[in-house]
Amino acid sequence: MNDETFRIRLWGTRGSLPVSGPQFLDFGGNTICVEMQCGPHRLLFDAGSGLLPAGNALVAEGVSEADLFFSHFHYDHIIGLPYFVPLYKPVATVTLWSGHMAGKMTTKEMVGKLMRPPWFPVEPEICSARVATRDFHAGDVLTPKPGITIKTANLVHPGGAIGYRVEWAGKVAVMVTDTEHTPGVIDPVVLKLIDNADLFLYDCTYLDSEMEKYRGFGHSSWQQAIRLAELARTKRVGFIHHLPARTDAELHDIERQAISRFPGAFAGRDGQVIDV
């Protein structure tokens, strides 16, 4: 690794609910957790069930400091937080960031309500790591570490959600989940967020043909991801937040169709590593 390494690890790519079984072996069943390694710095996005293996890997690698950014606090994006091993290591420093509830509830309040009986057997005070919380508003530009710039935007999702554009060492990676598009319309907020990105990860829960059935659920399609990638001139687009019932065979088929239209497209897999 050099000081300008920009490496993405997909620890969880499923949406709504973790799944397991022989039909989910290739793409995995953990819910959303994405790690971005910016040189010596570790950023994590969302605390789905994929946060468990992510935390174990950080401890095994001797990483003692991490920043965790929430897109929002729906169950599938926070279920892994109480099982994030670094929280229980006295040598660790963990900073938690959120902005989708700005002015309504702080990050500290949300975490406190999650890790508390009867929802969880112990309260956040059990954590022996140095834990800090940071609140922001959608649209704020964050600088969590030297050289890292994170632009934020509000997404179209029930209760709100935040999209993140991470800029490091001249490269750009973007995470956009959960968001819903209006058929036939390009969301200018998302388009600006992903402009000329080297990689963007996008909510592809549904197919275009399913959007009307699930109107208002707050999710998008892989076809919309391709339209966005073409307009924004991005190099690669990765599909995440897979429908729980979407099997390996179906995701392989989606990936084949997508690559035929946009060579830089792929369906995200748990454990996948991408160098930006």
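**Exercise 1. Where is D178 placed?**

Step 1. Find the flanking elements: β10 (171-176) and α4 (188-193). Helices (H or I, at least four residues) and strands (E, at least two) are DSSP runs, numbered from the N terminus.
Step 2. D178 sits in the loop between these two.
Step 3. Check the bond leading in. From T177 to D178 the peptide bond is cis, with omega near 0°.

Before going on, note the basis. This is a predicted model: local features need pLDDT of at least 70, side-chain atom pairs count only at pLDDT 80 or more, and totals for chains, interfaces and linings use all residues. Residues are numbered from 1 along each chain as its sequence is written, and side-chain values use heavy atoms, leaving out hydrogens and water.

**Exercise 2. Describe the peptide bond from P117 to P118, and locate P118**.

Step 1. Recall the background: most peptide bonds are trans.
Step 2. Read omega. It is near 5° for P117 to P118, and the bond is cis.
Step 3. Place P118: the loop between α3 (107-114) and β6 (130-135).

**Exercise 3. Take D46 and N196. State phi, loop and accessibility for each**.

Step 1. Recall that most residues other than glycine have a negative phi.
Step 2. D46 is not a glycine, yet its phi is positive, about 75°. Its loop lies between β3 (41-45) and α1 (51-60). D46 is buried (under 20% relative accessible area, 1.4 Å probe, protein chains only), at 0%.
Step 3. N196 is not a glycine either, and its phi is about 60°, also positive. Its loop runs between α4 and β11 (199-203). N196 is partly exposed at 40% relative accessibility; that class lies between buried and exposed (over 50%).
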